[in-house]
Every structure is written in structure tokens, then in C-alpha cells.
Amino acid sequence: ATSNPLSVSPLVRIHQLVDVIPYWPEWIVMSFTALLYFVLTFGWNFDDKCPKGYIGPGGLANNMSHIHCTGGAAAYIDRWLLGEKHLYPYFTGNRLYDPVGQFGLLHDPEGVLGTTTSILLTFFGLQMGKILIAYPSPKQRIVRWLSWAAILGALAALFAATGWIPINKNLWSFSFICLTSASACVAISLLYYLVDVARVWPNGQPFHYPGMNSILLYIGHELTSSMLPWSFNVDETSHVGPLARNLVATTLWFVISVRLAQNNFFLTV
């Protein structure tokens, strides 16, 4: 007989934790992962010249008080383990905090320590999927997703408002993954209701076509991102030009995905 995740004690059902309690070993591992992130990021004095818990951009920031502390412990670990030659060379903070390249600031947004928060973000996504298994009623599922959205959104707002952990994609900060997870919970609740419950948007048409060939579209984008007609010169001094270029590229790949589906061509692994 196969195990059923719904086969838990009545006590667990009363407390409405059927999507959490059966998976307690995973929660323990994830708790240690979060603890590792917090200890290394905010509790480790990685450099005597940098304040403990610093996660700023360095360079010209804060009146050049922490020039070479860019990225804090995360950047330090990357330089120590990987070496500067193996780090992402286009640190976006250079535009503001090292515009003439005098400091040589480096920070990899997908570095080693950032992997811990990436794992947590993935785990939150897995948790949202477990709700589909643990709760049979659409109302239960939506309420649960929105409850998680409220919890994670409140954490993101708290950390950001206090200034302790800014919402920053380059850092893959804990507040950033809380905010993106909360946003995803709201999005899945809305889409689930429109597509599967109310059925006012059958199959999410026409946006299900790109999902049917997502790998091909990703590879195609990587290969053609600098080619016509997907890419062309625009005025880079504002967001209008790049936005228009990206909308054109997205529309082209959308049309391609529709044509591929119509011809029953799908690239899978």
C-alpha cells in the first residue's frame, strides 16, 4: 500500500498543519539552511575593515566608509572559494558606486552563499505544491496560499522597513525571497481561481503555449539575445527603449511558441 500524506492524526488536522507536520524532516533541514545564511551573513566578522553584517555595495556608498566591503560575507566567500576570475564581472552596482572603475568592485548575484536563500525559495515553492495534495477543497487551497502570502509578505516588509535586510535581488536576500514567494502565492491563488475554479480563463490561453516549449524558448533566447530582430539599438538613457526592445523580443518568442505548438513540435528533457 502506498503512503497517503493525508493519513495523519486528528490532532494535526485540528491544527490545520497537514501540509507541514508530515514533512518535518524537510523543515528541519531548511531551518538549518536559513540559520547558516543568517550566521554567515550577519554574525561572521569576515574582515576587520568591514563591519559585521555589512551587505552594502561598497565603493562610493556611505561616504566611501566601506570601499572594499561590497556584498559582505557573500562576496568574501566567493572570492575565497572561486577566485575573482570566476566571479560575475558585470556588477550592476558599479554604475552608481564605482562609475570610473577605480575600486574594482565585484559581487556575484548567484554566488555560493546566495545558494542558501535560493534553496529556501525553491522549498517555499515546493511547499505551495504540497498544499494541492494536503487540501482537497479549492477554498482551503486558496486560503492556505494567501495565508502563506501574508506571513512571507509581512516578514519581507518587516526586514525592509527596519533596514536590516533590504529587498535586493543582487544579494538574493532573505527579504527578497520572502517578497517573491509572497507574490507567487498571490499569483497562484488568482490564477488557480480563474483557470481551475471559476473556469473563466480556460487553460490560461494563450499563455500556455510558451510553457509547452519553455526549454526551447530559454535556449533560443540565450542564443539570439544579441541578434536581430530580437535585439536592436535603443536609447539606453531611460527605461522606455529597453522596455520596448524586450516587449518586441517577448512577442516574437510568443508567436514562435504558438507556431511550434500548432506544428506539434516540443523540446523536452
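A helix here is a DSSP run of H or I with at least four residues, numbered from the N terminus. With that in hand, welcome to the tour: the model in your viewer is a predicted one.

**Stop 1: the whole chain**

Start with a cartoon view of everything. You should find eleven helices and zero strands, so the run of elements from the N terminus on reads α-α-α-α-α-α-α-α-α-α-α by the DSSP assignment. Along the principal axes, the C-alpha trace spans about 60 × 55 × 35 Å. The chain has 269 residues, and 35% of them count as buried.

Now switch on a surface. The accessible area comes to about 16500 Å², with 65% of that belonging to carbon and sulfur atoms. If you colour by charge, look for 14 positive and 13 negative side chains; the centres of these two sets lie 11 Å apart. A contact map is worth a glance too: among contacts with a separation of 6 or more, 58% are between residues 24 or more positions apart.

**Stop 2: two domains**

Colour residues 44-109 as domain 1 and residues 205-268 as domain 2. Taken over C-alpha atoms, the centres of domain 1 and domain 2 are separated by 34 Å.

**Stop 3: the largest nonpolar core**

Which residues touch the most other members of the largest nonpolar core? Select Trp-148, Phe-174 and Ile-177, and you have them, out of 31 residues in that core. Next, show helix 2 (24-42), helix 6 (114-134), helix 7 (138-162) and helix 8 (174-197): these are the elements that give two or more residues to this core.

Zoom in on Trp-148. Setting aside residues up to four places away in sequence, Trp-148 touches Asp-19, Val-20, Trp-27, Gln-127, Met-128, Ile-131 and Cys-185. Apart from the largest core lies another one, of six residues, and you can pick out Leu-216, Trp-230, Ala-249 and Leu-260 among them.

**Stop 4: two cis peptide bonds**

Where do you find Pro-206? Follow the chain into the loop between helix 8 and helix 9 (208-212). Pro-206 is joined to Gln-205 by a cis peptide bond with an omega of about -5°.

While you are in that loop between helix 8 and helix 9, select Arg-199 as well. Arg-199 has a relative accessible area of 61%, so this residue is classed as exposed. Its contacts, leaving out residues up to four places away in sequence, are Tyr-193 and Leu-194.

For the other cis bond, go to Pro-229, in the loop between helix 10 (214-224) and helix 11 (240-262). Here the partner is Leu-228, and omega is about 0°.

**Stop 5: two positive phi values**

Select Asn-63 in helix 3 (residues 61-64). The phi of Asn-63 is near 55°, a positive value in a residue other than glycine. Is Asn-63 buried or exposed? Asn-63 counts as exposed because its relative accessibility is 77%, and the cut-off for exposed is over 50%.

Then jump to Trp-172, in the loop between helix 7 and helix 8. Trp-172 is not a glycine either, yet its phi is positive, at about 45°. Trp-172 has a relative accessible area of 16%, and is therefore buried, since buried means under 20%.

**Stop 6: Lys-49 and Asn-94**

Lys-49 sits in the loop between helix 2 and helix 3. With a relative accessibility of 75%, Lys-49 counts as exposed. Draw a distance from the C-alpha of Lys-49 to that of His-68, 19 residues away along the chain, and the viewer should give 8.5 Å. Beyond its neighbours within four places in sequence, Lys-49 is in contact with His-66 and Cys-69.

Finish at Asn-94, in helix 5 (residues 94-97). What is the relative accessible area of Asn-94? The value is 18%, so Asn-94 is buried. Hide the neighbours within four places in sequence, and the residues in contact with Asn-94 are Pro-99 and Leu-105.

Methods
Residues numbered from 1 in each chain as written. Predicted model: local features only at pLDDT ≥ 70, side-chain atom pairs only at ≥ 80, totals over all residues. Heavy atoms only, no water. Core = buried A, V, L, I, M, F, W, Y, C linked by side-chain atoms within 4.5 Å. Buried < 20%, exposed > 50% of the residue type's maximum accessible area, 1.4 Å probe, protein only. Contact = heavy atoms within 4.5 Å. Areas by Shrake-Rupley, 256 points an atom, 1.4 Å probe, with all protein chains shown as cover. Lys, Arg positive; Asp, Glu negative; His and termini not counted. Charge placed at Lys NZ, Arg CZ, Asp CG, Glu CD. Domains from an automatic or database assignment.
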